[in-house]
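Subject: Structure handover

Hello,

Here is the structure I promised to pass on. Please open it alongside these notes.

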Amino acid sequence: MQIYLPIAEMPVSVLLILGMGAAVGFISGLFGIGGGFLMTPLLIFLGIPPAVAVATQSAQIVASSTTSVLGALRRNALDHKLGAILVAGGFVGSALGVWFFAAARRAGQLDLVIVVSYVTLFTIVGSLMLKESIREFWSRRKGGAVRPRRRAGEHAPYLGWPLRMRFYRSKLYVSIIPIVGLSLFIGFAGALLGIGGGFIVVPALLYVFRVPTNVVVGTSQFQIVCTTLVALILHAVTNQAVDMVLAILLIVGGVFGAQFGARMGRHLRAELFRFLLAILLLAVGLRFGLELVMKPEEPFSITVQEVRT
């Protein structure tokens, strides 16, 4: 069954979109991430214009992540203070990302910016996560210590910068400056690429700040919901690129799949969790990398540029 997307200006299969939403929602609930890093590329590969895919995907991220946040609240697996700091910086980053998105679109370079950003970001983050997960798995197999316990007062130099704050739920006493910097970057990348940023927040909280795994998922989802909602509103108002028909289909499938993913994620071991997420990131980055070297089906295209008077 086909349905016409008014903003994307193309027909799509309803069952295909619902299935994609459910699959990505499952992965979102499983790993505690927004799922946009998978859905946005899938929509682009399906033929949806990148601008519409990035903006519309934000609605699905908000819906699927909201269900995960509610589950984390019931399990007391959310650090409210840390989440609030991440959200505050994410708001500013989202506004900057939407502004840059609109500027690149007016210049006719948005597609190239999105592809290059995906390849660079996913390759770097995926490689680091894969290296760490393999080293952790090998240490467990040899019977050695996976990660030395952090002693009192022991931390990286930048965590001891001014404006330190104590986060009791996450067992942290660190400067909020690197946390705000992380949230600014996540908000910017999320608005520009149509991603929740969970695949960056999760490993950063795990490896850089050493937040307990059971708190990381809920806190990252809380940050994703708030910042992505702001990006969605800004995209709708500024760029008029949100296709509500496509968004509703993605939301229906995503919410359904996220419930099953969240249940299975509770039984996933930490090292396997990071290994699988790293493989996903590298696979998506490789697929976008091929876009840069493969010959396009249509070597020439015509676009209408916006002219300011």
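The notes below go through the annotated segments, the nonpolar cores, one helix and its contacts, a strand pair, and two unusual backbone angles.

Please keep in mind that this is a predicted model.

Annotated segments

An unreviewed UniProt entry places the feature "transmembrane region" at residues 12-38, 44-70, 82-104, 110-130, 172-195, 215-234, 241-260 and 272-290. I compared two of these ranges with the model. Residues 215-234 are 100% helix and 0% strand, with the end C-alpha atoms 29 Å apart. For residues 241-260 the figures are 85% helix and 0% strand, and there the end C-alpha atoms are separated by 30 Å.

Nonpolar cores

The largest nonpolar core holds 65 residues, and the members that touch the most others are Leu-43, Ile-48 and Phe-199. Helix α5, residues 110-142, gives the most to this core, contributing 10 residues. Another core lies apart from it and has 6 residues, including Ala-55, Ala-241, Val-242 and Ala-247.

What does Ile-48 touch, leaving aside its neighbours within four places in sequence? The contacts of Ile-48 are Leu-5, Ala-8, Met-10, Val-12, Leu-43, Ala-53 and Leu-246. Leu-43 thus appears both in this list and among the residues of the largest core that touch the most other members.

Helix α8 and Phe-222

Helix α8 covers residues 213-239, which makes 27 residues; at 1.5 Å a residue it should span 39 Å, and its end C-alpha atoms are 37 Å apart, so the two values agree.

Phe-222 is part of α8. With a relative accessible area of 24%, Phe-222 is partly exposed, because that class runs from 20% to 50%. Apart from neighbours within four places in sequence, Phe-222 is in contact with Val-69, Leu-78, Gly-83, Ala-84 and Val-87. One of these pairs can be given as a distance: the C-alpha atoms of Phe-222 and Gly-83 are separated by 6.4 Å, although the two residues are 139 residues apart along the chain.

The β3/β4 hairpin

Strand β3 (residues 164-167) pairs with strand β4 (residues 172-175) in the antiparallel sense, over 4 bridges. At one end of the pairing, Arg-164 stands opposite Ser-175. Phe-167 has Leu-172 as its bridge partner in β4. The two strands form a hairpin with 4 residues between them, and in the turn Lys-171 has a positive phi of about 60 degrees.

Positive phi in two loops

Most residues other than glycine have a negative phi. Two loop residues are worth a look on that account.

Leu-163 is not a glycine, yet its phi is positive, at about 60 degrees. Leu-163 sits in the loop between α5 and β3. Is this residue buried or exposed? Leu-163 counts as exposed, because its relative accessibility of 57% is over the 50% cut-off.

Gln-240 comes after α8, in the loop that leads to α9 (244-265). The phi of Gln-240 is positive, near 50 degrees, and this residue too is other than glycine. Gln-240 is exposed as well, with a relative accessible area of 52%.

Regards

How values were computed. Residues are numbered from 1 along each chain as its sequence is written. This is a predicted model: local features need pLDDT of at least 70, side-chain atom pairs count only at pLDDT 80 or more; totals for chains, interfaces and linings use all residues. Side-chain values use heavy atoms; hydrogens and water are left out. UniProt positions are given in the numbering used here, feature names are shortened, and annotations may be inferred rather than shown by experiment. A nonpolar core is a set of buried Ala, Val, Leu, Ile, Met, Phe, Trp, Tyr and Cys residues joined through side-chain atoms within 4.5 Å. Buried means under 20% relative accessible area, exposed over 50%, partly exposed in between (1.4 Å probe, protein chains only). Contact means heavy atoms within 4.5 Å. Two strands pair if DSSP finds at least two bridges between them. The expected span of a helix is 1.5 Å times one less than its number of residues.
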